[in-house]
Amino acid sequence: MDEKYFPQEIEPKWQKRWADEKTFEVSEDHSRKKFYCLEMLAYTSGRAHIGHVSNYSIGDALSWYKRMRGFNVLHPFGWDAFGQPAETAAIKHGTDPEQFTREAIATMKAQFQKMGISYDWSREVATCDPKYYKWNQWFFIEMFKRGMIYRKKSPVNWCTKENISLSNEQASGGVCWRCGEPVIQKELMQWFARTTDYAGELLDALDKMEGDWPERVITMQRDWIGRSRGAQVTFKIADFDDSITVFTTRIDTIFGANAITLAPEHPLIAKLTEGTPQRDEVLTFAEKLKQQNRSARTLGELDKEGIFTGAYAINPFNNERLPIWVANFVLIEYGTGAVMGVPAGDERDFEFSRKYQIPFRQIKLTQEGREIPGDELGKPNEEWTTTVNTGEWSGLSSREANEKMTAYAEAHGFGKGSITYKLRDWGISRQRYWGTPVPMIHCEKCGTLPVPEEQLPVVLPKGVNLNVTEGSPLDHVPAFVNVECPQCQGAAKRDTDTMDTFVDSNWYYFRYCDPHNDQQPFAKEKIDYWMPVEQYIGGIEHAVMHLIYTRYWTKVMRDFGLVSFDEPVTRLLTQGMVCKETFYCPNKTCEHYEWLFPEEVSDDKRCNFCGTPVVVGRVEKMSKSKKNAVDPIEMIARNGADALRLFVLFAGPPEKDKEWSDEGFDGTARYLNRVWRVAYKWHSRISAAPSLEINQSALNEAQRKLRRRTHQLIRHLTENFEGRMHLNTCISSLMELTNEIYAFDQTVDKTGAATVTDAAVVRAALEALIRMLAPFAPHICEELWEQFGHRESLAKTAWPEFDEALAREEEVEIAVQVNGKLRSRIFVAPDADDDVLRATALADDKIKANLEGKQIVKVVVIPRRLVNVVIK
């Protein structure tokens, strides 16, 4: 065994051996329990970053642990390879998106392999491979046949100069990223998946996930799905043979309605203003509202704007005429695209009515039972209180009135109880090149038809010009667009939309179970063995969108008969970010004005170029633009992958943000050197000593202590892996065990030569340490394990078992108080009962002195912790 630890030699050696021996490749084995550990699909950004190291190290630690516990562990990897960033980069650099993506995959794969993560690379998938996205297209067609996918007009971001649609990222700030022209909203035909059909099931299933998924994610999904129970009410339109239906959760407030407000996209607006003098003004205003940022409208981030149409609706409860307005805070896709305004009971309606001076009445008493007139109201009362000015329902509690008024509306034919959701159908169309082509054909005679299955996959054409000025790049490829209708064999056109990349990531981990199947997305028997995923790990930014869409997709596959379960993921962990402080030079005349690298800042926190005091920013997410990013490959070259992995896991609990520290990183490297040194020191002693069965009763005090702490820490790590997954405290325990071995080593040095029993006790401690450290630093542990004479990889070695009897303390320390003040300490057996604790405390000399001449009122015993003697 070498005296020095050289990670740059050890790590490539073990990475090659794992690859050559296919150590982490697995197949179905029904004789063993399985464990599916998964980190979220990696986007092909081009370079690995510390966030990757953190995420993948968490999953790898758990995978190693489960492997050593005897599980058949599936730990695969793949690439989220389609999407706008690759296409954007290709346009900027004049390259091809596929070339950019393939080069990024090659670079990142080499970087990830340097980390030594225990992936089964034989199952690797890339979503840009036709053999993968063929099944995206197959799913699309099957869903279309069942009415689960449909096409309708929907607004997109549109550049009027380039005549192309833009993603939200490309339209950031309301201008086109390429030409800087203002972006408008334009309606195009778009494809949608009926996620709303599953809204109730998606929401209700969250109850069963509590405790296994982070509460924050569950809350975010509940809010995103957003179930509202209420009533639909139909308002007839005065002087029109038409009506408007609104949804309200508070029909008890309808007597306080002062307006009906429509979304600017509502189809009734044109009809209501037909032939009126305000028509042009209303339509122009509505068009202006349509162009406002849809996300800002959805989130209520814009100033409330509206216009009166000149028309009126009739309140069916009291026949009052309510003005019909158009406003930007009403969304066509939510509810019915129309709302009734009740300023006395809603903050948004209150602000809007005050701004446009629309009068209203009070319809609720305050909590104190007072009625405040509408024109004196300082803020709306949104509570459930008591109704007032509500006709025959006045004086009822709001909840009772809500129930009875819904029944009245149903009985009189102008309303009914209803449930709505905030969740909208998922728009999966994208007007870009780099994505899965939509497998549909449009024929003037036959309509819209799916591509015949035998023609799948519809492959993206190569050499496409991405710098087009109208439509999608695929619109400009006649050989791709012009096809034969599969039904009438006449001239037809291929759909030129591509799919949202969330389609790719909806089911990728199902494909990992059967990645080379060219006859179906996957074989059901393989899914039945491997799924669901026991542990999924990824960022909180995917709490909605991906994590809702993948749950939805699973239910669709279940209804197809492809899978036999409802939810794809048993446990979810959302890991924190690795952050680092930033440095900012505020001197605008400095050539390095703005962000600085740490090495560009002096010790007294001044810019090295101009001497200006820098602004030290808060610790935040690493970013190349802010020059606070850390290159993991540089860190591996410096101290090794094991030290890097150990640092990101030791820096804090997996779910919390953690701060990067060069000193902390170097500290974990020093720790691994300590492990190596003590292993080297005892290696020859252990090798020379005969195999020995340890006789616990024959051990001296130091030997018993090391043996006891070894088993206590095995228990601690085992319980932590099985429960909280606080890997940082696991590493603390490993450091503690290392310290115990060093302390024992020093004791041996003081007493003379090591005995055979000393070697046996240290060997047991070191081999436990090596096995428990392996999930965090596998390369060094594999090397040490081999040096200690083992021929089989740690991946096939059992996790150490703890002995409860050996882990038990010989004595525990108990604090003894008199009237709540600490007066002494006693030592008793760990299993001492209350009577023994009480008698031992009262027999203690210090306690007897404190009790002299006093009357004992009672003795309070807290087992294993405390005895408190109460006197007077």
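These legends walk through a whole-chain view and several close-ups of a predicted model.

The numbering of residues starts from 1 along each chain as its sequence is written. Because this is a prediction, local features need pLDDT of at least 70 and side-chain atom pairs count only at pLDDT 80 or more, while totals for chains, interfaces and linings use all residues, and side-chain values use heavy atoms, with hydrogens and water left out.

**View 1. The whole chain, before we zoom in.**
Here you have 27 helices and 34 strands; these are DSSP runs numbered from the N terminus, with helices (H or I) having at least four residues and strands (E) at least two. Along its principal axes, the C-alpha trace spans about 110 × 85 × 70 Å. Of the 872 residues, 54% count as buried (buried is under 20% relative accessible area, exposed is over 50%, and partly exposed is in between, using a 1.4 Å probe and protein chains only). Take the contacts (heavy atoms within 4.5 Å) with a separation of 6 or more: 71% of them come from residues 24 or more positions apart.

**View 2. Helices H3 and H4 cross.**
H3 (residues 84-93) packs against H4 (residues 97-115) at about 115°, with the axes 8 Å apart. Those axes are lines fitted to C-alpha atoms, for helices over the stretch in contact, and angles run from 0 to 180 degrees between N-to-C directions. That makes H3 roughly perpendicular to H4 (under 35 degrees is roughly parallel, over 145 roughly antiparallel, 65 to 115 roughly perpendicular, and the rest oblique). The crossing is right-handed, meaning the near helix is turned clockwise from the far one by less than a right angle; anticlockwise would be left-handed. Look for Ala86, Glu87, Ala89 and Ala90 of H3 meeting Pro97, Phe100 and Thr101 of H4. They split into 5 nonpolar, 1 polar and 1 charged. (Ala, Val, Leu, Ile, Met, Phe, Trp, Tyr, Cys and Pro are nonpolar; Asp, Glu, Lys and Arg are charged; the others, Gly among them, are polar.)

**View 3. What covers H3.**
Stay with H3: 7 of its 10 residues are buried, so you can call this helix mostly covered. The buried ones are Gln84, Ala86, Glu87, Thr88, Ala89, Ala90 and Ile91. Their cover includes strand E2 (42-43) and H4. Just after H3 comes Gly94, with a positive phi near 65°.

**View 4. H21 alongside H22.**
The axes of H21 (residues 701-722) and H22 (residues 727-751) come within 10 Å and cross at roughly 170°. That makes H21 roughly antiparallel to H22. Their contact residues divide into 11 nonpolar, 7 polar and 4 charged. Among them are Leu706, Leu713 and Phe721 in H21, and Leu734, Ile741 and Phe744 in H22.

**View 5. Gln703, up close.**
Gln703 sits in H21. Is Gln703 buried or exposed? Buried, with a relative accessible area of 4%. Leaving out residues up to four places away in sequence, Gln703 touches Ala698, Phe744, Thr755, Thr757, Asp758 and Val761.

**View 6. H23 meets H24.**
H23 (residues 756-773) and H24 (residues 778-787) have axes that come within 8 Å and cross at roughly 150°. The two are therefore roughly antiparallel to each other, and their crossing is left-handed. H23 brings Glu767, Ile770, Arg771 and Leu773 to the contact, while H24 brings Cys781, Leu784 and Trp785. This set has 5 nonpolar, no polar and 2 charged residues.
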